[in-house]
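Q: Please take a close look at one aromatic side chain in the first chain of this model. I should like to know how its position is described, and then how the surrounding architecture is put together.

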Amino acid sequence: MVEDLKPRDSAEVEQTVRWALAGNKSLEVVGRGGKRAIGRAAQWDATLDLSGLSGVTLYEPEELVLSAQAGTPLAEIEALAAASGQQLAFEPMDYGPLLGAATAVGTIGGALSANLSGPRRIKAGAARDHFLGVSAVSGRGETFKSGGRVVKNVTGYDLCKLLAGSWGTLAVMTDVTIKTLPRAETEQTILVFGLDDAAAGKVMAAVMGSFADASAAAHLPAPLVTRFADVASTHGAVTAFRLEGVAPSVIHRKGVLEALIGPFGALGELGEAASRAFWRAIRDVEPFAAAGPGGERYVWRISTAPSRGAEVGRALAERAQAEILYDWAGGLVWAALPPADDAGASLVRSTLAATGGHATLIRAPAAVRAVVDVFQPEPAALAALTKRVRESFDPSGVLNAGRMWAGL
Amino acid sequence: MPVAMPLSDEAVLGRRAEIVAALKRIVPGEGVIASEEAMRPYESDGLTAYRQLPMVVVLPETTEQVAAVLGYCHREGVKVVPRGAGTSLSGGALPLGDGVLLGMAKFNRIRTVDFDNRVAVVEPGVTNLAVTQAVEHAGFYYAPDPSSQIACTIGGNVAENSGGVHCLKYGVTTNNVLGCELVLISGEIVRLGGSHLDSAGYDLLGLVTGSEGLLGVVTEVTVRILKKPESARAALIGFATSEDGGECVARIIGAGIIPGGMEMMDGPAIRAAEEFVHAGYPLDVEALLIVELDGPRAEVDHLLDRVQEIARQCRAVTCRASGSEEERLLFWAGRKAAFPAVGRISPDYYCMDGTIPRAQLPLVLRRMREMSAKYGLRVANVFHAGDGNLHPLILYDANKPGELDRAEEFGADILRLCVEVGGVLTGEHGVGVEKRDLMPVMFSETDLSQQQRVKCAFDEHGLLNPGKVFPTLHRCAELGRMHVHAGGVAFPELPRF
């Protein structure tokens, strides 16, 4: 029988971890549970539910900072920022559609723990780049803080970076401070039709090195295009670029962009509303949504050098009939593979061994995630360092043990 | 020296000849420097009030040599202080008398430039400016631009997480580094990140960036390069009070404008700079703001009009927009020369580096004036206004007995004030030895213990750059002990489901 523990404040979080330590119990740490199906499938003695730690405690738009309890819904934070003309520039994706879980349930703590980002990653960074300060309870049952509530700070080690993307395996965040930034006044998306993956990679590289200053660049191979009503075309594949900023700037850069990509194919465009909807769908990987036509496939999230993206995509498509979606100008490859016992892990890992980068198995049944390395395996010296770092926070393996790596 | 450094290990000093000989076997030729005269240039960094000759200087040329030197020191229990160009303003590269000073200057090559992926792979001894120079022919640049960029190295920038005047819009080092090769004190070599985004496991790259040489030695760095903005224009705006200037900064950001650079100077800094470079700064204002917009010309012109409108609403006394590239550079000339300008009006100055919530600026400046009267020392302020990073320059004369001590006490009071108003001890210069003993002002014993446990994960015996960052050195075994007290069935009051 797994117990659910729902502390109401940071002191109770500390008590909970101490209770687990004293009783030799392991804890599954969750915000509102939207990403529970990501990670190795493991068993825990109790669930530490942080949804009770909710509320924005400080928001100073002119200082570009916002503090909140870790269980605060992202939606609440984004709405508050929007009311001041601001946003979380890292554009945190919602895993709901991909995992077939509820949408819009994510918390700020979960967004940071998973180091979420979106199409704007290539220009504005990931959650890690906007994480300014934290108070957390370590696996030793001790409350510590790191960072601060100002946007520029190098005092002591940047433990925020370490906690970002640690999937709750180092400490339980209770209070966080993040950077907020102005929302772009307007946006527009320019499309070029009919490029194959390799050509799209080259065009995206040219655009990213130009004055067009695109805030997103994605490529949808032909089979995926039909899943986007707004961009469906008779030309097959679609390569898309987002321009954001003040209107005179967007108009000017549209001219720069069209002059650059015009020679490669027919062009199209999406106005502000359609552009927002399109990039939200890319952000949330909707072509591979659990409820969609590829819903039974296993999904990998692969980060590689943008110039190698098409090569990775081709290998997986040719050898495993994978469907591919490219974001981050080719640097983020979402691959949906037909079900297989090892989820295609050996092919994915061996492909990346040649190209560089890392892969995470995001969607697969628990039985598969129990036997396949979900996160990228590390070379021996690095794995040993990772283990020592984990033990420096959580020597007893109380927090989310086994979620990232077996036995850790 | 007012800051106590770790006690010298007499056993190590007694074996100096043997250690030097062993190091010479690893780094042959002139890569090991052991004579007092030749080691003299290494006795200090940018924080020149502190000096200490190292036991020996080693200048390796390959990653394998770095690994062998560190592995040897690890086995033999010898301390190591890494050093880039030695421009640290916080004493981060201050040597230890019983330690190896590991200079990375010979790692000075740019290995690859990859425009398709917009990255450059460089050795850590390459200067910050040299990265930009290597890519500017194609219209690219490396964004972080610390004021010492002509001399400071990328390895040092990674160690200190260096910033610069453009970091509000373009980020500091940690936002612009994608990968590194890191040698651990054990001599093991690990690669973190690469040309791709995000780390595979824990973000150890993010942790190492800004770790001040306490976790490992970087032997290769992959940095992001960006397309240089198409154009830039600046506005030079004077205010009668720092309150008006501060309000203007807040309203610019509140209006959704993130300038490429936004710098403020106070009255004493304005006058010293104007006297020195004749940039045309108004002398009858108490706050001067330089706001630079960069990007396509249409965007820059559009936003600069809005900035000027906001400035007028904030009671600007003067407001000029640059009409040419020469004029823009002239606006910057005074700001960029602010430190040497202050150097002209005082025999010595001490540069501080706190960050405050910007709204607290008028209060902080007022309290600083009171401290200035109390300590009998003048102070001039330059301020990265966009991100709240304050650089008070305390004017003193090291030849007058007691003035250096008073300047240091004044500086410590300023940093305590920064923390008191919600800010931090250092925005970009690092803790080093300079702010080490102030760390408890900002962090509890538990906070510092957790940081030191992370240090233990990298360097169990505390051999890498000891005496920096942490005010008290604890043994890793002691930090690792668990004291768990939670009896019986805990907190029946806790909601369960």
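## A buried tryptophan and its setting

A: Trp334(A) is classed as buried because 23 other C-beta atoms lie within 10 Å of its own, and the threshold for that class is 20 or more. The model is a predicted one, and this description should be read accordingly. Trp334(A) belongs to strand 17 of chain A, which covers residues 332–337.

Once residues up to four places away in sequence are set aside, Trp334(A) touches Val285(A), Phe288(A), Val299(A), Arg301(A) and Leu325(A). One of these partners, Val285(A), is 49 residues from Trp334(A) in sequence, yet the two C-alpha atoms are 7.8 Å apart in space. The contact pattern of the whole chain can be set beside this pair: among contacts in chain A with a separation of 6 or more, 73% join residues 24 or more positions apart.

Pro377(A) offers a contrast in burial. Pro377(A) is partly exposed, because 14 other C-beta atoms lie within 10 Å, and the partly exposed class falls between 12 or fewer and 20 or more. Its place is in the loop that runs between helix 13 (366–369) and helix 14 of chain A. Pro377(A) and Ala359(A) are separated by 18 residues in sequence and by 9.3 Å from C-alpha to C-alpha.

The chain that holds these residues contains 14 helices and 18 strands. Of its 408 residues, 62% count as buried. The C-alpha trace of chain A spans about 65 × 50 × 35 Å along its principal axes. Its radius of gyration is 21 Å, which agrees with the value near 22 Å for a compact globule of 408 residues.

Burial can also be followed along a whole strand. In strand 12 of chain A (residues 216–220), five of five residues are buried. In a regular strand, side chains alternate between the two faces of the sheet. On strand 12 of chain A, Ala216(A), Ala218(A) and Leu220(A) lie on one side, Ala217(A) and His219(A) lie on the other, and both faces are covered. Strand 12 of chain A pairs with strand 13 (residues 238–245) of chain A in the antiparallel sense, over five bridges. Within strand 13 of chain A, Val238(A) is the residue opposite Leu220(A).

Elsewhere in chain A, five strands form an open antiparallel sheet in the order 4-5-9-7-8. Its edges are strand 4 (56–60) and strand 8 of chain A, each of which pairs on one side only. Neighbouring strands of this sheet are turned against each other by 15° on average, with direction ignored. Inside the sheet, strand 5 (residues 65–69) and strand 9 (residues 171–179) of chain A run antiparallel and are joined by five bridges. Ile178(A), in strand 9 of chain A, is the bridge partner of Leu66(A).

The association with the second chain completes the setting. In chain A, 82 residues are in contact with 82 residues of chain B. Several elements of chain A give two or more residues to this side, among them strand 8 (143–147), helix 7 (197–208), helix 9 (247–261) and helix 14 (380–393). Helix 14 of chain A supplies the largest share, seven residues. By residue class, the side of chain A that touches chain B comprises 32 nonpolar, 29 polar and 21 charged residues.

Chain B has a fully buried strand of its own: eight of the eight residues of strand 10 of chain B (residues 217–224) are buried. Strand 6 (residues 119–122) of chain B pairs antiparallel with strand 10 of chain B over four bridges, and Val119(B) stands opposite Arg224(B). Strand 8 (residues 177–183) of chain B also runs antiparallel to strand 10 of chain B, and six bridges join them. Here Gly179(B) faces Thr222(B) across the pairing.

As to confidence, the average pLDDT of chain B is 95, and 97% of its residues score at least 70. The model as a whole scores ipTM 0.97 and pTM 0.97.

Conventions. Residues numbered from 1 in each chain as written. Chains lettered and ligands numbered in written order. Predicted model: local features only at pLDDT ≥ 70, side-chain atom pairs only at ≥ 80, totals over all residues. Pairing = 2+ DSSP bridges. Contact = placed C-beta atoms within 7 Å. Nonpolar A, V, L, I, M, F, W, Y, C, P; charged D, E, K, R; others polar. Axes fitted to C-alpha atoms, helices over the stretch in contact; angles between N-to-C directions. Rg over C-alpha atoms; globule rule 2.2 N^0.38 Å. pLDDT = per-residue confidence, 0-100.
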